[in-house]
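User: I am new to this structure and would like to understand the words used to describe it. Could you take me through them?

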Amino acid sequence: MTSAVPGQPSKAVLAAAPWVFTIGFFLVWEIACRALAVSTFVLPPPSAIAKAMWEYRGPLAFHSAHTLWMTLAGFALAVVTGLLLGIALGASKLVHAGTYPLLVAFNAIPKVAVVPILVIWFGVGWAPAVLTAFLISFFPIVVNVATGLATIEPEVEDVMRALGASKMDIIAKVGVPRSLPYFFGSLKVAITLAYVGSVIAEYNASNYGIGNLMARASADFNVPLLFAALVALGVLGVIIYAAMAILERRTTGWAQRSNFAT
Amino acid sequence: MSPFVALAGVTHAYGGSGPPAVEGMTISVNEGEFAAIVGPSGCGKSTVMKLATGLQFPQAGKVVVAGKEVAAPVKISGMAFQNPTLLPWRTTLDNLLLPLEIVQPHRSRLRRHRDEYVARAQALLEQVGLRGMGEKFPWQLSGGMQQRASLCRALIHEPQLLMLDEPFGALDAFTREELWCVIRDLHASRKVTVILVTHDLREAVFLADRIFCMSARPGRIIAEREVHLPRPRDLEVTYTSQFIDIVHELRAHIAHARTTA
């Protein structure tokens, strides 16, 4: 509440910290590039990147929007599939035992290796991007939802069962609400993974998107544009992560009452 | 009169094998009676609860509740545990309404008659001294208040059988005695049969009409004692010699069971 806790940073300092650190990071980068006279071809200084961002603002905005769209579509698929699979895994020991090794094996496959298959099936375009985003991001959702369900307190289950609650009742009234903090926690991981997936697919098999823009910039040895695209990716990544974090806070405030991380 | 809850020669082992948790248990509790089961920890007291509510079925013997042999969760029971087990994402009031979302006929009536049920929940909260606390979340309440709310949840659907598994075990002595009185009054104001599992002998004698002593695992009934202290009982009764004698007697049974075990 108060800032007068000895040895603890005040609220204002904490609020300023992300900006100070970010700006400091770019300043150090700029100074290092200039002091060591690094070629823009190897590592462009932030000023050159900013110039490239301004110069290519049109294409960057267009391709970012496309990437965002692919990411969200794949992510939405992952949320639906992840929830359903997670509930199935959490509710049934048989499903869990039967499918878990498969899921883990599938998750371990680098998704960049799947992109060529998707291209053979669907051709170059939106499908590989959306599907890669989906394939790479549903696993953490499944695991987290299943964990939330599997860790229902036995006493709560007893209370429900003694009332005559069916398995579906227990899942709907206790299991799902209980796994929501896990679910929203996993969304933060999943959305960034989906993002990685769509960029990978765009890099390999698309005519649009930041990934595609980077593939072309790379072919042209346009290093400042390459870095400008990376910065755009980073900014977009922070935005979608923050959106998920806000959603999490809104929906599962009851689970975040600890003062641990003050 | 046939007993409301009857276990006859019941033996039960979890998972169907291994050493039994309870063995050859026979108890019977009449309708409207307040029964207590006391014994050392790990003697299978909680198993008795699970058997009587149909959460577990015995390997041998018979469990009869309300004239029917138990073959499924009995649905006419309410339960409260040492841990209040309230759901943290629901307000206290919504926690109370949970059983009504499960048990018929309330389940299909709840949506249309919500006001009536909310009023019932509020009345119950008031009866246990939680007036106006319905809008708070359980984690905003103290341990004693949570336990009161948990009792309300166990009673909201007006069950015929109330099962209490060491409900006051985690509370301090003063709060515990307050809640003894709460549960005493709840029992007096409703025609509900109560089975209380506890290791607190004073608690058992203060509240119960009939006390069963259990031995250490495998749990067996080693003594049954009726308590004829007049009702309503005041906390003062716990300092009378009559009360203390009963506690001593029960204690002797349990001490004996421990030394011979």
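Analyst: Happy to! Let's begin with a pair of helices in chain A: α5(A) and α6(A) cross in the right-handed sense. Please keep in mind that this is a predicted model.

User: Why is α5(A) called oblique to α6(A)?

Analyst: The axes of α5 (residues 115-122) and α6 (residues 126-150) of chain A cross at roughly 135 degrees and come within 9 Å. Angles over 145 degrees would count as roughly antiparallel, and 65 to 115 as roughly perpendicular. An angle of roughly 135 degrees belongs to neither range, so α5(A) is oblique to α6(A).

User: Which residues make that contact, and what makes them nonpolar, polar or charged?

Analyst: From α5(A) come A:Val115, A:Leu118, A:Val119 and A:Phe122, while α6(A) brings A:Ala127, A:Pro128, A:Leu131, A:Thr132 and A:Leu135. Val, Leu, Phe, Ala and Pro are among the types that count as nonpolar. The division is 8 nonpolar, 1 polar and no charged.

User: What about α4(A) and α6(A): at what angle do they pack?

Analyst: Helix α4 (residues 93-108) of chain A packs on α6(A) at about 140 degrees, and the axes are 10 Å apart. With roughly antiparallel reserved for angles over 145 degrees, α4(A) is therefore oblique to α6(A) as well. This crossing is left-handed. On the α4(A) side are A:Tyr100, A:Leu103, A:Val104, A:Phe106 and A:Asn107, which meet A:Leu135, A:Phe138, A:Phe139, A:Val142 and A:Val143 of α6(A). Those residues divide into 9 nonpolar, 1 polar and no charged.

User: Let's move to chain B. What makes β6 and β10 of chain B edge strands?

Analyst: The order of the open sheet of 6 strands in chain B is β6-β7-β8-β3-β9-β10, and its pairing is mixed. Strands β6 (77-81) and β10 (221-226) each have a single partner strand, so one side of each lacks a neighbour in the sheet. From one strand to the next, the twist averages 15 degrees.

User: How do you know that β3 and β8 of chain B pair?

Analyst: Pairing takes at least two bridges, and β3 (residues 34-38) and β8 (residues 193-198) of chain B have 5, in the parallel sense. Within this pair, B:Ala36 stands opposite B:Leu196.

User: Which helix lies across β3 and β8 of chain B?

Analyst: Helix α1 (residues 45-52) of chain B does, and β6, β7 and β9 of chain B also lie under its path. Relative to β7(B), α1(B) runs at about 155 degrees.

User: How confident is the prediction for chain A?

Analyst: Its pLDDT averages 87, with 96% of the residues at 70 or above. Among the elements of chain A, α3 (residues 57-91) has the highest mean, 92, and α7 (residues 154-162) the lowest, 85.

Methods
Residues are numbered from 1 along each chain as its sequence is written. Chains are lettered from A and ligands numbered from 1 in the order in which they are written. This is a predicted model: local features need pLDDT of at least 70, side-chain atom pairs count only at pLDDT 80 or more; totals for chains, interfaces and linings use all residues. Side-chain values use heavy atoms; hydrogens and water are left out. Axes are lines fitted to C-alpha atoms, for helices over the stretch in contact, and angles run from 0 to 180 degrees between N-to-C directions. Helices (H or I, at least four residues) and strands (E, at least two) are DSSP runs, numbered from the N terminus. Angles under 35 degrees count as roughly parallel, over 145 as roughly antiparallel, 65 to 115 as roughly perpendicular and the rest as oblique. A crossing is left-handed if the near helix is turned anticlockwise from the far one by less than a right angle, and right-handed if clockwise. Contact means heavy atoms within 4.5 Å. pLDDT is the predictor's confidence in each residue, from 0 to 100.
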